[in-house]
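This report is written for a reader who has not met this structure before. It starts with one pair of strands and then moves outward to sheets, helices and the whole chain.

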Amino acid sequence: SNDPLVIFTPSGKRGRFPVGTPVLTAARQLGVDLDSVCGGRGICSKCQVTPSYGEFPKHGVTVAADALSDWNAVEERYDQKRGLTPGRRLGCQAQILKDVVIDVPPESQVHKQVVRKRAEARDITMDPSVRLFYVEVDEPDMHDPSGDLERLIRALKKQWNIKDVKADLHILHALQPSLRKGAWKVTAALHTGEDDDRPRIMHLWPGLYDGAVYGLAVDLGSTTIAAHLCDLRSGEVVASSGLMNPQIRFGEDLMSRVSYAMMNPGGAQEMTDAVRDGMNALFTQIAAEAGIDKGLVMDSVFVMNPVMHHLFLGIDPYELGQAPFALATSDALHLRAADLGLSLHPAARAYILPCIAGHVGADAAAVTLSEAPDKSDDLVLIVDVGTNAEIQLGNKTRVLACSSPTGPAFEGAQISAGQRAAPGAIERVEIDPASKDPRFRVIGCDLWSDEDGFAQAIAATGITGICGSGIIEAIAEMRLAGIVDASGLIGSAEQVGTPRCIPDGRTHSYVLWDGGADVPRITVTNPDIRAIQMAKAALYAGARLLMDKLGTDTVDRIVLAGAFGAHISPKHAMVLGMIPDCPLDKVTSAGNAAGTGARIALLNRTARGEIEETVLRIEKIETAVEPRFQEHFVNASALPNSAEPFPILNN
Ligand code: FES
């Protein structure tokens, strides 16, 4: 035909349209992702496009400067009122006159990509549950009686082709005043993607509302609660914040919280109240930080381990404290945030990812979503270390998961000089194999301990203890320097040849730091090494068990997830035999993968359905009933291991 050719970039979609077709109409017919809140009325500006002029040999077209119609009155008015960036046009107003190449900038795409910073990570495609739609509703008519809601629903169907819309009671409360205040024009926030797939009206604004709506992605850990506040249109994280889990006062680790619930009538409820109060405080704080109204938060996603899951939902975790560790439900949950005691928008939704098994929670499912072992060509081992290690092994064909009781030693608990990772904590250690003297770095200071100015630089915080990554490095370096043997015993001063090995009860300790008479010495004791041996043996045995089940002795790569994984040095972890032998450049850190998974589920509703299906296919291994777990555990108590050769490490 002789109709002008229209080519959209970056999609490359093309077609011919009669002269005078609005760009938005052409985009819709071609399935080009071009946003709109007002439905082409020239008031929301979400449809902005950039026409390109000149030669396009690749596409075989030349675009003339007058390929699109001149500004019309609507664009003129919009530009005067709110300003249109030079070069930009409103897609719903600009009409196609000649062949043209039209670029849709990321801001104008609904399904834009949110770039993840890690090289190997897939970007997130925007497909949020909540979107805004502006509609013009018919006025009521004596001769054709119908309710305001029915006419609103009819308008949504006619103007946006959205069917089966439903509304809760709170919308009926707001409906009539909103319609009349907006002179029968309203913007509706619709939430889609729940079990029945019916869009739900979340909120009504009189007239046009083209501001932001928000969602929260929350990682509820037993130690900290971390939340990201996201703009549901841009996908941007507008604020992030964390809070100590207030349940800590009922017990440091999960099992002590389960026992608290068992021993104290009403104990589970107390912990439920505590975590919900903490969550509300965190949300208030994060909204204040971003300078937004909490009432604009309409969606939320939560990930957590099974005990946190039950306590947050107000379910007694009793059954999780004993075999066979039955969850009340492992399915994903679509809930009202208000039913969880959360004060966000009154209709805000809460989505909880599915749990994988009695010991492998929604946080592990979030890690699966973020790291996608089920889409990996090579065999990947993913380890999320907390007080439990949640371990996944697999590739495209099969994924296995288990949890292993590492205890809190990796977080610095049960370690004589242990502390949380905070200023003053030793986090990196090197020991000279000849002199057996250490040098180290302290959180909050850029210098190594043997560099000039170190004493001054740490004067403010002092050296207060050693954190999880520090103790791993210290013990691994002690092993490499011959201070500690394969069984985990520290030698005496004579055996090792350094006065830093001092008698301590019936064993010896190694002095890492002696700041003089006024400050406590920081030593690594034999019980410290024992605690780390137990923790790392549990971790390794879990990983090894999954490798057995899959019939493999090696893995192609290892991903360390979680805050701990972000700080741990792969080399030192391997020297201790925490993780299987694997080329060091194939060991990477994924940071807070559970939090990222929560963010993906918040920004992309199809990802929710996908992870629900993936979780059903993951094979769950219960370490407690596997006889080989014990065998692997015993072998893995040695440094690095009494049965496995660790060939790469020894090369
Ligand atoms: Fe709203 Fe063009 S679609 S201004």
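Two strands count as paired if DSSP finds at least two bridges between them. The model described here is predicted. In it, strands E23 and E24 form a hairpin with 6 residues between them. Within the turn, Lys436 has a positive phi of about 65°.

**The sheet around E23**

Strand E23 covers residues 425-431 and pairs with E24 in the antiparallel sense, over 5 bridges. Ile426 stands opposite Val442 of E24, and Glu430 stands opposite Arg439 of E24. In general, the strands of a sheet pair through backbone hydrogen bonds, either parallel or antiparallel.

The hairpin is part of an open sheet of 3 strands, ordered E24-E23-E25, with mixed pairing. Strands E24 (438-442) and E25 (465-466) stand at the edges; each has a single partner strand, so one side of each is left without a neighbour in the sheet. Helix H10, residues 468-480, packs on this sheet and touches E23 and E25. The direction of H10 makes about 15° with that of E23.

Is E24 enclosed by the rest of the structure or left open? Of its 5 residues, 4 are buried, so E24 is largely enclosed by the rest of the structure.

**A second sheet**

Another open sheet of 3 strands has the order E26-E27-E28, and its pairing is antiparallel. Here strands E26 (501-504) and E28 (522-524) take the edges with a single partner strand each, so one side of each lacks a neighbour in the sheet. From one strand to the next, the twist averages 45°. Strand E27 (residues 507-513) runs antiparallel to E28 and is joined to it by 3 bridges. Val511 has Thr523 of E28 as its bridge partner.

**Two helix pairs**

Two packed helices are described by the angle between their axes and the distance between the axes. The table gives both values for two pairs in this model.

| Helix pair | Axes come within | Crossing angle |
|---|---|---|
| H5 and H6 | 6 Å | roughly 130° |
| H10 and H12 | 11 Å | roughly 105° |

Helix H5 spans residues 254-263 and helix H6 spans residues 267-290. At their crossing angle, H5 and H6 are oblique to each other. On the H5 side the contact has Arg257, Tyr260, Ala261 and Met263, which meet Gly267, Ala268 and Met271 in H6. The residues of this contact of H5 with H6 divide into 5 nonpolar, 1 polar and 1 charged.

Helix H10, already met at the sheet of E23 and E25, also has a contact with helix H12, residues 526-550. H10 and H12 are roughly perpendicular to each other. Ile471, Ile472 and Ile475 of H10 meet Asp528, Ile529 and Ile532 of H12. In this contact of H10 with H12 there are 5 nonpolar residues, no polar and 1 charged.

**One face of H16**

Which residues of helix H16 are buried? In this helix, residues 605-617, they are Ala607, Arg608, Ile611, Thr614 and Val615. Seen down the axis of H16, these buried residues fall within an arc of 130°, so they line one face of the helix. An α-helix has 3.6 residues a turn, so residues three or four places apart point the same way. On the other side of H16, the exposed residues are Thr606, Gly609, Glu613, Leu616 and Arg617. The buried residues of H16 pack against strand E19 (349-352), helix H8 (362-371) and helix H15 (593-603).

**A residue in H4**

Ala174 lies in helix H4, residues 169-181. With 17 other C-beta atoms within 10 Å, Ala174 is partly exposed. Along the chain, Ala174 and Leu204 are 30 residues apart, and their C-alpha atoms are separated by 7.3 Å.

**The whole chain**

The protein chain has 17 helices and 31 strands. Of its 651 residues, 47% are buried. Taken along the principal axes, its C-alpha atoms fill a box of roughly 100 × 65 × 55 Å. Among contacts in the chain between residues at least 6 apart in sequence, 66% join residues at least 24 apart.

Technical notes:
Residues numbered from 1 in each chain as written. Predicted model: local features only at pLDDT ≥ 70, side-chain atom pairs only at ≥ 80, totals over all residues. Buried ≥ 20, exposed ≤ 12 C-beta atoms within 10 Å, placed from the backbone. Helix = DSSP H or I, 4+ residues; strand = E, 2+ residues; numbered from the N terminus. Arc of directions from axis to C-beta. Contact = placed C-beta atoms within 7 Å. Axes fitted to C-alpha atoms, helices over the stretch in contact; angles between N-to-C directions. Parallel < 35°, antiparallel > 145°, perpendicular 65-115°, else oblique. Nonpolar A, V, L, I, M, F, W, Y, C, P; charged D, E, K, R; others polar.
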